[in-house]
Amino acid sequence: MSRFILTLGFTALISAAPSFAATIIPAPPALENKAFILMDYDSGKVLAESNSHVHLAPASLTKMMTSFIVEQKLLKGTLKEQDPVLMSESAWCRGTSAESCMYVPLNSYTPALDLLRGVIIQSGNDASKALAEHLAGSEPAFAEVMNGEAKRLGMKDTNFANATGLSDPNHYSSAADLATLAHAIIKDSSKYYPIYSEKEFTFNNIKQGNRNALLFTDPTVDGLKTGHTDDAGYCLTASSKRGAMRLISVVMGTSSMQDRADQTRALFNWGFSNYETALIRPKSQELSKPVVWFGQSDHVSVGLANDMSVTLPRGEKDKLQISLQLATSLDAPIKQGQEVGKIIASLNGQPIAEQALVALQPVEEANFFVRMWHGVKRFFSNLF
């Protein structure tokens, strides 16, 4: 079991790099591609990467942003699952081999949820464009929405010029950014995330299979998206959950469909074999109840605004040491969610993760007489 220490006195944030000196981790697999990243979902720790912030053509991995925006509109109610969406001439696929299509008839209306499936499962350019036009009026306008969402998610290596991923010099992303986007889809679009694991979709009497080969060979893989253009090569963003641990992988610029599947499988096997993720403390759990001066309450409940997890070498979890550092003095008023300290996880004497501690409920300022009395008490307590 991990050890727990309470430390008073709020000091500067610790910036030491994680150290796993006690356990030797084998090198990640050597991969022939333009870029890759392997990230733990819960902790956000990057386990392996190469060229992960290099700007590259993302091909149809772009459609993860298209689908994410649609999903968020559905969840907020500004778009309904059965809303009819027009297949305009500018969005319509003519059935060439040059692009992926859902094959929605020209000038027909299709429920938004069906088009979302067409984007995710069939990688339909026609479905992507039609939804973009429906939501923003035009595909270029939707690209601006995509870029705004990318900025909100912290995707600093990304600029979208279209909703499909067709080649454009102003259209690029990175393996790191696409992993961030995949994380957002899994976390914030959980209602619609099961679509990413659907193996086929039939529309207009045309059955098409999901191009993510791992869905057919690895039951732990449940998404997300494939992509391919001549510029981008073969790309795959995938997620696998084994037990309580979920990993996200992005490979870009491989030479074939088989390579992108094999490389992703190799990354997952390496990551799950060598690492494990531990939940340090869940969100909203009371971790301490320090004294508050000048408040209507004498104490405040302190905890985390979000779950705190760490990823570490297998077999090291029992060596974790957890400590709290709280502000030396807490004075009312205190707002709910106000930062009042931090929690630190250490391994082998080195800090590997930290997170802010916050007030779990507000503490209002007391009346004049109580504040006076607290002032006197604190004055004499400081003397001794």
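**Exercise 1. The disulfide**

Is the link of Cys-93 and Cys-101 left-handed or right-handed? Place its sulfur atoms, then account for Cys-235.

Solution.
- Step 1. The angle about the S-S bond is -85°, and the link of Cys-93 and Cys-101 is left-handed.
- Step 2. The two sulfur atoms of Cys-93 and Cys-101 lie 2.4 Å from each other; a disulfide is counted for a pair of cysteine sulfur atoms within 2.5 Å. The structure has one such link.
- Step 3. Cys-235 takes part in no disulfide, its nearest cysteine sulfur being that of Cys-101, 19 Å away.
- Step 4. Cys-93 and Cys-101 are both buried, where buried means under 20% relative accessible area, exposed over 50%, and partly exposed in between (1.4 Å probe, protein chains only). Cys-235 also counts as buried because its relative accessibility is 0%.

The model is predicted: local features need pLDDT of at least 70, side-chain atom pairs count only at pLDDT 80 or more, and totals for chains, interfaces and linings use all residues. Residues are numbered from 1 along each chain as its sequence is written, and side-chain values use heavy atoms, leaving out hydrogens and water.

**Exercise 2. Salt bridges and helices**

How far apart are the closest N and O atoms of Glu-149 and Arg-152, and of Asp-262 and Arg-265? Assign each pair to a helix and classify the exposure of its residues.

Solution.
- Step 1. A salt bridge requires a side-chain nitrogen of Lys or Arg within 4 Å of a carboxyl oxygen of Asp or Glu. The structure holds 10 of them.
- Step 2. For Glu-149 and Arg-152, the closest N and O atoms are 2.5 Å apart. Both residues belong to helix α4 (residues 139-153), at a spacing of three residues, about one turn of the helix. Helices (H or I, at least four residues) and strands (E, at least two) are DSSP runs, numbered from the N terminus.
- Step 3. Glu-149 is buried because its relative accessibility is 17%, whereas Arg-152, at 54%, is exposed.
- Step 4. For Asp-262 and Arg-265, the closest N and O atoms are 2.9 Å apart, and both residues lie in helix α7, three residues apart. Asp-262 is partly exposed at 32% relative accessibility, and Arg-265 is partly exposed at 26%.
- Step 5. Helix α7 covers residues 257-274, which is 18 residues; from first to last C-alpha it reaches 26 Å, close to the expected 26 Å. The expected span is 1.5 Å times one less than the number of residues. The buried residues of α7 include Arg-260, Leu-267, Phe-268 and Trp-270.

**Exercise 3. Core and surface patch**

How many residues does the largest nonpolar core have, and which element gives it the largest share? Then describe the surface patch that includes Val-376.

Solution.
- Step 1. A nonpolar core is a set of buried Ala, Val, Leu, Ile, Met, Phe, Trp, Tyr and Cys residues joined through side-chain atoms within 4.5 Å.
- Step 2. The largest has 58 residues; among those with the most contacts inside it are Met-65, Leu-181, Ile-185 and Leu-224. Helix α5 supplies the largest share of this core, nine residues.
- Step 3. In soluble globular proteins, nonpolar side chains tend to be buried together.
- Step 4. At the surface, Trp-373, Val-376, Phe-379 and Phe-380 form a nonpolar patch, with about 440 Å² of accessible area together. Patch residues have over 30% relative accessible area and no salt bridge; like charges are joined within 9 Å, nonpolar side chains (Val, Leu, Ile, Met, Phe, Trp, Tyr) within 5 Å. Areas come from the Shrake-Rupley method with a 1.4 Å probe, and for residues only the protein chains shown count as cover.
- Step 5. Val-376 is in helix α8 (residues 368-383) and counts as partly exposed, since its relative accessibility is 36%.

**Exercise 4. Backbone exceptions**

What are the omega values of the peptide bonds from Gly-223 to Leu-224 and from Ala-332 to Pro-333? Give phi for Asn-51 and Ser-284 as well.

Solution.
- Step 1. Most residues other than glycine have a negative phi, and most peptide bonds are trans.
- Step 2. The bond from Gly-223 to Leu-224 is cis, with omega near 15°; Leu-224 lies in strand β8 (residues 221-229).
- Step 3. The bond between Ala-332 and Pro-333 is cis as well, omega being about 5°. Pro-333 sits in the loop between β14 (321-326) and β15 (339-347).
- Step 4. Asn-51 has a positive phi of about 55° and is located in the loop between β3 (46-50) and α1. Ser-284 has a phi near 70°, and this residue is exposed because its relative accessibility is 52%.
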